[in-house]
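Grab a coffee and work through these exercises with the structure open beside you. Try each task before you read its solution.

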Amino acid sequence: MPIKTKRWDDPIESDDGTRILVARYRPRALRKELETWSEWWADLGPSAALHAAFYGKSGPPMAWSVYRGAYLGEMLAAKDRISTLAQRVIAGEQLTLLCSTQCVRESRCHRSLLRDLIDAEVVRLCGSPGA
């Protein structure tokens, strides 16, 4: 089962499975009962400093290639968390990784990088993608 990625406010679909917010920051002013996810793993989002650098809050915006390398470097410390998600996929659980409404280009969002890390861990653990 492939891992899906969406923005947190994209419509919920019947095949989303477990929707996990993988953003450092929870959407502002969103009431708890309006959350569209069942789990929030803030530590799988970019660090506050990396997030700020990418969006130009501490100087010129960071290039995607630099951001990509920095995010992947940060995720080295999250290997256990990534492995946990990979094991859930192997067990047959459908996961949908959610990020900010501002992340309109999935290919330029950390959620796509995280999905690839989880997929690689699935392959490492069981030898085939998507279990």
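**Exercise 1.** Which residues does I118 touch, not counting residues up to four places away in sequence?

*Solution.* Bear in mind that this is a predicted model. Start at I118 and look for heavy atoms within 4.5 Å. Skip the sequence neighbours up to four places away, and you're left with I3, I82, L85, A86, V89 and L97.

Next, place I118 in its surroundings: it is among the residues with the most contacts inside the largest nonpolar core, along with L44, Y71, L85 and L114. That core has 22 residues. Two or more residues each come from α1 (48-54), α2 (64-74), α3 (79-90), β4 (95-99) and α4 (110-126). Another core lies apart from it, with six residues that include L21, A23, L30 and L98.

**Exercise 2.** Trace the order of helices and strands along the chain.

*Solution.* Count the elements to begin with: four helices and four strands. Then read along the sequence, and you get β-β-β-α-α-α-β-α.

**Exercise 3.** Work out why the radius of gyration agrees with a compact globule.

*Solution.* Take the length, 131 residues; a compact globule of that length would come out near 14 Å. The chain has 15 Å, so the two agree. For the outline, the C-alpha trace spans about 45 × 35 × 20 Å along its principal axes.

Now check the inside: buried residues, those under 20% relative accessible area, make up 42% of the chain. Finish with the contacts that have a separation of 6 or more: 61% of them join residues 24 or more positions apart.

**Exercise 4.** Tally the charged side chains.

*Solution.* You should find 19 positive and 16 negative ones. Locate the centre of each set, and the two lie 5 Å apart.

How values were computed:
Residues numbered from 1 in each chain as written. Predicted model: local features only at pLDDT ≥ 70, side-chain atom pairs only at ≥ 80, totals over all residues. Heavy atoms only, no water. Rg over C-alpha atoms; globule rule 2.2 N^0.38 Å. Buried < 20%, exposed > 50% of the residue type's maximum accessible area, 1.4 Å probe, protein only. Lys, Arg positive; Asp, Glu negative; His and termini not counted. Charge placed at Lys NZ, Arg CZ, Asp CG, Glu CD. Core = buried A, V, L, I, M, F, W, Y, C linked by side-chain atoms within 4.5 Å.
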